Amino acid sequence: MAKFYVTTPIYYINAVPHIGHAYTTVVADVLARWHRLRGDDVFFLTGLDENSVKTVRAANEKGFNDIQTYADSMAKVWIDAWKSLDISHDDFVRTTQERHHRNVYELFERIKKRGDIYKGGYEGLYCDGCEAYITEGELVDGKCPLHQKKPKRVKEENYFFRLSKYQDQILEHIEASPDFIRPEARRNEVVSFLKSGLKDVSITRPGLDWGIKTPGDPTQTIWVWFDALCNYLLPRDYWPADVHIIAKDILRFHCIVWPGILLSGGYKLPKEIFAHGFLTVDGKKISKSLGNVIDPAYLVKKYSADVIRYFLVRGVSFGQDGDFSEDSLRTRLNDELADVLGNFVHRVLTFTRDRFGGKVPQGKLDKKLEAEVHERVQKIEQLLEELKVTQALEEIMAIAKRGNEYFQSCKPWEAIKSEPEKAASCLLNCANLVKVLCVVLTPFIPSASANLAKQLGVKVNSWKQAKELDIKPGHRIGEPSIIFTKVKANDPAQAHPNLVSIDDFGKLDIQIGMVKSAQKVPNSKKLLKLGVEVGGGPRTIVAGIAEHYTPEELVGKFVDVVVNLEPAKLMGITSQGMLLAAEDEKGISLLVTDKPIKHGSKVR
Ligand code: MSP
């Protein structure tokens, strides 16, 4: 039994999962399911990176006093999202778990014993988005190109890891193992970075309350990337990983820092790191401020997990950048899943039911067709071994397309009158093609494949079944039903994921408020404490707008206030309402009235 250990990155919990995270996770799932079907001993690990300053910031912004409570609530959201997408991970690691902490300590101690940790100082830039130091040379217009934010300048004492010591060894390994980093463009990127010379990296940070404390020095917290990368060692019996699936954004951490840590700790290196491209949504970067973060759970509800999985693997060439849009998803659903696959299998099954009493008829297997299918299945296998998931799915759909052509050219609905054996043979061959499809589609669209297998009256439990055209005359099929229904373009009003009724909207009490006082909240960059006069008298409102408005410019403004929001405590101050504001990539703009109106007026 071959072993197959596959991982995804462990995701940050400062936000909900989006289609980009779903992409990585679905591809890893396809590989895990394929290897299981082949009979391999599979371990598929995913999870969450919780010990970041991003977690603390998000928890504060959302009014949580206890960070762990926030982390637990986010973990539920991520776990539910993966469940809805039929993700079949074997374990789900959370870096706040004790077992993970033990793992991190062990690795830390091992590299310390190796003499690879020393105390030093760092002065320079740190990007909170990357959770890493960044050099002046990497900035574009003074900002981190990935997160579009100005990094902060820090001067700190930390413990350093002697990464530079492993530069040559890492380079030699990459050169000796062509598949260690793929695709090739990413490999070249890593090689040229290595050749430009490696610096040691700081692996602890001072002054952080949240995170794993450094063994022997509680004033220092272990750098979140060191902490996070260790997660991969958790299923120790399966190490080394067969493949780490990541995107290009975190290439260097995985291809340089991680191998350095492993070499120092005396562990084997992962067999492969595959960095896929980045997804945009409707041609734009996925970002909260652009409002294009699509919740995979919403898409699943609207279309089904299989449709989303199919689109991601088929519509975004694995390794390249790609785009997600509901329009292109619908096109793939209508033109491929419904028109090609759904149409073929439904024709075969309903014909068998209606004209042959639900039993596969007596006929002859077409040897040419059989050879062709064998060849395609072999090609699919080869492509999956090479992680070419998009091409593998293309090849699978070619079988369905071929099936449609075959059915069409045999014309069994005519042949049944004049040449009944021809019609019978056609159906026998087509039933076998449907069976092959049930098997090869299982890793990609598991629910629809299981449904189809039931309709055909077969059980799929091994990839080998894709090579056996063993549906015999007399085989009884189940009840046919449509597996993919076409959908029309959206009515924009209906398309919204969260429609509310007018009654629900009416529950909101929004009033015009006059800002009477405003001051900064001590120790907070974002929060202002406002005194606002509304219908029932003065209110204290804490608003996250300090980076966009000075206290002085707010006093006297007539703003829109939700006055019946549950009070929330922010930095120890109870906020009794919320100001309405709009946000785009340039910043925040408060909703104000365009002519004088009495405070307390109702907004509808
Ligand atoms: N916590 C770190 C990873 C630590 S792994 C030891 C992190 N987390 S993340 O939440 O930012 O996830 C980054 C990963 O999410 C990417 O590498 C990729 O797998 C996935 N994606 C996030 N946005 C994506 C796109 N827009 N497109 C494709 N994948 C995306 O980095």
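This talk walks through the ligand site, one helix, some salt bridges and a few long-range distances. A word of caution before the details: this is a predicted model.

Let's start with the ligand. The shell around the ligand holds 23 residues. Ile10, Thr24, Asp49, Asp249 and Leu279 come nearest. By class, that shell has 13 nonpolar, 8 polar and 2 charged residues.

Now the polar contacts. Thr24 uses its side chain: a polar atom there lies 2.7 Å from an oxygen atom of the ligand. Tyr12 uses its backbone, with a polar atom 3.0 Å from a ligand oxygen. Gly20 also brings in its backbone, where an N or O atom sits 3.3 Å from a nitrogen atom of the ligand.

How much of the ligand does the protein bury? Taken alone, the ligand exposes 670 Å², and the protein buries 94% of that.

Which elements give two or more residues to the shell? They are strand S1, residues 3-12, helix H1, residues 19-37, and helix H7, residues 224-229. S1 gives the largest share, with 4 residues.

Next, helix H10. This helix spans residues 305-315. Of its 11 residues, 10 are buried, so H10 is largely enclosed by the rest of the structure. The buried stretch includes Ala305, Asp306, Val307 and Ile308. Arg309, Tyr310 and Phe311 are also on that list. So are Leu312, Val313 and Arg314.

Two of those residues deserve a closer look. Take Asp306 to begin with. What does a buried Asp306 have by way of a charged partner? Asp306 has no salt bridge. The nearest side chain of opposite charge is Arg309, and that is 4.9 Å away. A salt bridge needs the nitrogen and the carboxyl oxygen within 4 Å, so a pair at a longer distance is not counted. Asp306 does have another contact. Its side chain reaches the backbone nitrogen of Ser447 at 3.4 Å.

Now Arg314, in the same helix, H10. Arg314 forms a salt bridge with Glu394, with the closest N and O atoms 3.7 Å apart. Glu394 sits in helix H13, residues 389-410, so the pair ties together parts that are 80 residues apart in sequence. Are the two partners buried or exposed? Arg314 has 16% relative accessibility, so it counts as buried. Glu394 has 39%, so it counts as partly exposed. This pair also belongs to a wider group: Arg314, Arg332, Glu336 and Glu394 are linked in a network of salt bridges.

On to the other salt bridges. How many does the structure hold? It holds 42 salt bridges. As general background, side chains of opposite charge can pair when their charged atoms come close. Here are two more pairs.

Arg353 and Glu479 meet in a salt bridge at 2.9 Å, N to O. This pair links distant parts of the chain, 126 residues apart. Arg353 lies in helix H11, residues 326-356. Glu479 lies in the loop between helix H16, residues 446-456, and helix H17, residues 492-495. Arg353 is partly exposed, because its relative accessibility is 31%. Glu479 is exposed, because its relative accessible area is 55%.

The other pair is Arg38 and Asp40. Their side chains meet in a salt bridge at 4.0 Å, N to O. Arg38 is partly exposed at 30% relative accessibility. Asp40 is buried at 13%.

Last, some distances between C-alpha atoms. Where is Ile87? It lies in the loop between helix H3, residues 67-84, and strand S3, residues 91-94. Ile87 is buried, with a relative accessible area of 9%. Ile87 and Ala22 are 65 residues apart in sequence, and their C-alpha atoms are 9.5 Å apart in space.

Then there is Ala2, in the segment before S1. Ala2 counts as partly exposed, at 42% relative accessibility. What separates the C-alpha atoms of Ala2 and Ala568? The two residues are 566 apart along the chain, and the distance is 54 Å.

To recap. The protein buries 94% of the area that the ligand exposes alone. H10 has 10 of its 11 residues buried. Asp306 is buried without a salt bridge, while Arg314 has one with Glu394.

Conventions: Residues numbered from 1 in each chain as written. Predicted model: local features only at pLDDT ≥ 70, side-chain atom pairs only at ≥ 80, totals over all residues. Heavy atoms only, no water. Near = heavy atom within 4 Å. Polar contact = N/O pair within 3.5 Å; in protein donor to acceptor, adjacent residues only side chain to side chain. Areas by Shrake-Rupley, 256 points an atom, 1.4 Å probe, with all protein chains shown as cover. Nonpolar A, V, L, I, M, F, W, Y, C, P; charged D, E, K, R; others polar. Buried < 20%, exposed > 50% of the residue type's maximum accessible area, 1.4 Å probe, protein only. Lys, Arg positive; Asp, Glu negative; His and termini not counted.
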